[in-house]
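Trainee: Please show me the structure, and let us ask how each term applied to it is justified.

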Amino acid sequence: MNTIKRFAGIFWIVLGPLAIFYLIKTAAEEIAKKPVIDTKIQWIVFVVIFVPIAIGLMIFGWYAFKGEYDHLPESSKEI
Amino acid sequence: MKPTSIRSVILASSVGTLIEWYDFYIFGSLATVIASQFFPKTNPTAALLSTLATFAAGFIVRPFGALVFGRLGDLIGRKYTFLLTLIIMGGSTFAIGLIPSYDRIGVFAPIIILLLRLLQGLALGGEYGGAATYVAEHSPANRRGYFTSWIQTTATLGLFLSLGIILITRHSLDSDLSKSISKFNDWGWRIPFLVSIVLVGISIYIRLKMKESPLFAKLKDEGKTSVNPLKESFAHRSNLKMVLLALFGATMGQGVVWYTGQFYAQSFIENVCKIDFEQSRTILIWAILFATPFFVVFGKWSDKVGRKWIMLTGMFLAIITYRPLFDQLLSISDTTNKKEFVTRKEINTKITPLENTGNSLRTVTSIRHYKEGIKLIEVKTDTLYSQPGKATLKTDIKTSKLLNDENYRWMILIVFVMILYVTMVYGPIAAFLVELFPTKIRYTSMSLPYHIGNGVFGGLTPFIATLLTTIYTGDKLVGLYYPIIIAAVCLVIGVLYVSNKIDPDVNN
């Protein structure tokens with residue numbers, strides 16, 4: 001199980017940049033299609049909010065890959 | 001702890017949280033009315049989008065509220081922090097009810113609204129973590145899921161209360177229903193906001209009587225509270241990894257399931273299925289009423305079997321059944337292949353003179369009856385100009401459908417099933433989050449993933465789903481791909497990484 005967790009970590013690391021790329025690409029396309037203030041605000045909000053979350057997913061993937069989740073803490077002494 | 005004491009703890013925490021949710025939801029439920037009052041009327045779509053953006057802002061600032069008040073809660077204590085959030089929320093809500101409209105104070109109106117909405121979002125961000133932590137820290141280990149599940153009912157009951165008060169107010173302002181609705185849209189919408197101050201007052205009174213959480217008080221007496229909760233929560237790898245796990249393995253999926261079942265479903269019924277304003281709301285009210293007890297059922301069950309599999313089963317069921325369930329909502333309301341009683345078609349035309357212009361407003365109402373019991377009501381409005389040759393460029397057409405009892409009950413059942421999934425993913429989650437983090441940084445650590453999951457991923461669900469339907473216009477169910485994909489990623493992470501072990505001791 002721990003091996004699967006670690007290999008899945010690579011997938012989460014890759015998923016982060018993919019999500020960022022898709023988000024920015026869609027935002028650019030939609031803003032170009034309808035360049036009004038509402039569209040711009042809406043997509044800028046999405047990019048600003050979701051990019052840090054995607055980076056968080058990459059960090060999560062890195063931790064998983066490094067085996068940080070092989071054993072979860074069972075008391076606060078381990079945290 | 002004595003049963004009466006724990007009941008007081010749950011009551012004090014739940015009533016306040018319920019009122020905060022009520023305050024937060026009335027804004028969203030009255031989005032269209034608020035748009036007409038506070039945003040320029042020249043472009044109704046832009047006005048509605050502005051309101052929805054404000055709505056989203058209310059959700060997006062929630063994670064910041066989680067950080068600000070979570071930190072305070074871990075520094076000075078749970079009791080005074082969630083008392084403060086309640087005061088901020090109540091004050092902002094009451095103030096929204098007092099703001100003059102755009103017609104009177106111009107651009108200041110939407111700016112003040114936006115600021116108050118941001119304050120609401122901040123306050124909500126601080127409330128939930130405090131209430132859940134406070135109850136959990138009073139609960140015995142073997143009943144933590146059960147006791148905290150009462151806090152979990154408050155979000156849904158807050159929506160129930162807001163919808164109920166809005167509908168009652170809408171009907172009570174005049175004996176003639178159409179006049180009552182007109183008065184509501186004009187000034188009566190302020191009442192639900194103003195009522196909030198009474199509810200908040202009662203809640204503050206109850207909360208002031210409560211004592212600090214025993215675990216936090218003990219830490220404080222021993223001088224073991226955190227000096228810098230933000231740093232300890234997010235700069236230490238050992239805790240940050242648990243924050244990330246809570247977000248990606250639980251709250252992200254839980255948030256989208258919650259907002260799809262309760263908010264997108266209602267928006268879909270009203271705007272895509274075109275069901276009548278009141279029917280679309282009462283369908284949700286009944287479904288909530290029947291489903292709410294299951295928050296407690298699943299919370300209690302999680303004390304026996306663990307939190308993980310109940311939450312993940314809810315997510316799994318949502319992923320595989322959302323499309324068929326929403327498809328069923330569409331097919332119930334679709335009139336294209338239904339047989340119409342052509343002879344029963346009614347057409348009424350009403351012409352109302354417009355003062356001092358010589359023009360008139362023409363309203364043509366047509367009602368079609370279908371064999372399956374659906375009534376399709378179409379209202380076309382245009383202006384008849386006195387000036388020869390001048391005509392309305394675009395007729396305003398509003399369509400709504402009234403369901404018969406059988407179809408109405410079917411829709412309630414479908415929404416009930418979706419809210420049942422909500423109870424599965426949401427009922428045990430407070431206990432799950434509390435058990436992940438140590439007492440001294442619990443408020444901060446659990447609040448952030450909760451509010452990113454619910455505020456950002458969940459809160460934006462109706463907005464993003466609706467947006468997808470405007471980009472990919474061929475499929476009316478395309479909006480569901482957002483919650484389905486997010487819940488699927490969360491399900492995989494949850495299955496792989498989340499532990500089903502119940503922490504027997506959160507007293508550390």
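Mentor: The discussion below takes up the contact between two chains and then a surface patch.

Mentor: This is a predicted model, in which local features need pLDDT of at least 70, side-chain atom pairs count only at pLDDT 80 or more, and totals for chains, interfaces and linings use all residues. Residues are numbered from 1 along each chain as its sequence is written, chains are lettered from A and ligands numbered from 1 in the order in which they are written, and side-chain values use heavy atoms, with hydrogens and water left out.

Trainee: What makes Glu68(A) and Arg237(B) a salt bridge?

Mentor: A salt bridge requires a side-chain nitrogen of Lys or Arg within 4 Å of a carboxyl oxygen of Asp or Glu. The closest N and O atoms of Glu68(A) and Arg237(B) are 2.5 Å apart, so the pair meets the rule. Across the interface of chain A and chain B, 2 salt bridges are found.

Trainee: How many residues does each chain bring to the contact?

Mentor: Chain A brings 32 residues and chain B 36, contact meaning heavy atoms within 4.5 Å.

Trainee: What is the area buried between chain A and chain B?

Mentor: It is about 3,000 Å², with 75% given by carbon and sulfur atoms; buried area is the accessible area (1.4 Å probe) that two parts lose on being put together, summed over both.

Trainee: Which residues make the nonpolar surface patch?

Mentor: Phe7(A), Ile10(A), Val14(A), Leu18(A), Trp62(A) and Phe65(A) make this patch of about 580 Å². Patch residues have over 30% relative accessible area and no salt bridge, and nonpolar side chains (Val, Leu, Ile, Met, Phe, Trp, Tyr) are joined within 5 Å, like charges within 9 Å. Accessible areas come from the Shrake-Rupley method with a 1.4 Å probe, and for residues only the protein chains shown count as cover.
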